[in-house]
Amino acid sequence: MSRLERIRLLPDRPRAYPFSVPALSGDVDLVLTAPVTVLIGENGSGKSTLLDLVGAKAGLIRIAQDDPLNQARAALFKEAAPFVETVFRPVRPKGFHFAASDFATYLRHVSAEKEYAKGELARVSKEYEKKSAFSKMMA
């Protein structure tokens, strides 16, 4: 497991997309010291573009990569990746891991809870049919 510590865009990078988006058009040298970093910005400012560049640099596979549009994007970011410098630090894993089968199990549990909730809503709706809206809400 590793933690991303630094993202730097090289000064001699091309000025065309993806480096033309607002957040990536100037000097970019981010040092990430916290365990979690949140990117905030307007639509089109470059948040996802920066993450796509880091993913391409790290050789990560995007989940929706089988979509032809995403394949074209992936090729573009792979071409741009040499102009991105990243520093990763190994970290000893803590906590839990999450496998694909765990996600499927989680989805089954969510589905079961949803069905239970629907049943409870139907029960409350019938049981409180002649009660006030406030009583129904409190039930």
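Student: Okay, accessible areas here come from the Shrake-Rupley method with a 1.4 Å probe. How much area does the protein chain expose, then?

Tutor: About 10,800 Å², and carbon and sulfur atoms supply 60% of that. Keep in mind that this is a predicted model.

Student: Got it. And what share of the residues is buried?

Tutor: Of the 139 residues in the protein chain, 19% count as buried.

Student: What's the order of helices and strands along the sequence?

Tutor: The pattern reads β-β-α-α-β-α-α. That makes four helices and three strands in the protein chain.

Student: Is the chain a compact globule or more spread out?

Tutor: More spread out: its radius of gyration is 23 Å, while the globule rule gives 14 Å for 139 residues, so the chain's value is well over that. The C-alpha atoms fill a box of roughly 70 × 35 × 35 Å along the principal axes.

Student: And what fraction of the contacts is between residues 24 or more positions apart?

Tutor: Counting contacts with a separation of 6 or more, such pairs account for 64%.

Student: Let's switch to the helices. How do H1 and H2 pack?

Tutor: H1 covers residues 47–58 and H2 covers 68–80; their axes are 8 Å apart and meet at an angle of about 70 degrees. Angles from 65 to 115 degrees count as roughly perpendicular, and H1 and H2 are therefore roughly perpendicular to each other.

Student: Which residues make that contact?

Tutor: On the H1 side, Thr49, Asp52, Leu53 and Ala56; on the H2 side, Arg73, Phe77, Lys78 and Ala80. Sorted by class, the contact has four nonpolar, three charged and one polar residue.

Student: Take Asp52 from H1. Buried or exposed?

Tutor: Buried, because its relative accessible area is 14% and the cut-off for buried is under 20%. Leaving out residues up to four places away in sequence, Asp52 touches Arg62, Arg73 and Phe77.

Student: What about Thr49, what does it contact?

Tutor: Beyond its neighbours within four places in sequence, Thr49 is in contact with Tyr17, Pro18, Val21, Leu24 and Phe77. Thr49 is buried too, with a relative accessible area of 8%.

Student: You mentioned Tyr17 and Pro18. What kind of peptide bond joins them?

Tutor: A cis one, with omega at about 15 degrees. Pro18 sits in the loop between strand S1 (2–9) and S2.

Student: While we're on loops, where does Ser45 lie?

Tutor: Ser45 is in the loop that runs between strand S2 (29–31) and H1. Its relative accessibility is 17%, so Ser45 counts as buried. Setting aside residues up to four places away in sequence, Ser45 touches Val21, Pro22 and Ala23.

Student: Last topic: strand S3. What's the story with Val84?

Tutor: Val84 belongs to S3, which spans residues 84–90. With 1% relative accessibility, Val84 counts as buried.

Student: Which residues does Val84 contact?

Tutor: Ile7, Arg8, Leu9, Phe19, Leu53 and Lys57, if you ignore neighbours within four places in sequence.

Student: And how far is Val84 from Val54?

Tutor: The two are 30 residues apart in sequence, and their C-alpha atoms are 7.4 Å apart in space.

Student: How about Thr49 and Val91, how far apart are those?

Tutor: They are 42 residues apart in sequence, with 25 Å between their C-alpha atoms.

Technical notes: Residues numbered from 1 in each chain as written. Predicted model: local features only at pLDDT ≥ 70, side-chain atom pairs only at ≥ 80, totals over all residues. Heavy atoms only, no water. Axes fitted to C-alpha atoms, helices over the stretch in contact; angles between N-to-C directions. Helix = DSSP H or I, 4+ residues; strand = E, 2+ residues; numbered from the N terminus. Parallel < 35°, antiparallel > 145°, perpendicular 65-115°, else oblique. Contact = heavy atoms within 4.5 Å. Nonpolar A, V, L, I, M, F, W, Y, C, P; charged D, E, K, R; others polar. Rg over C-alpha atoms; globule rule 2.2 N^0.38 Å. Buried < 20%, exposed > 50% of the residue type's maximum accessible area, 1.4 Å probe, protein only.
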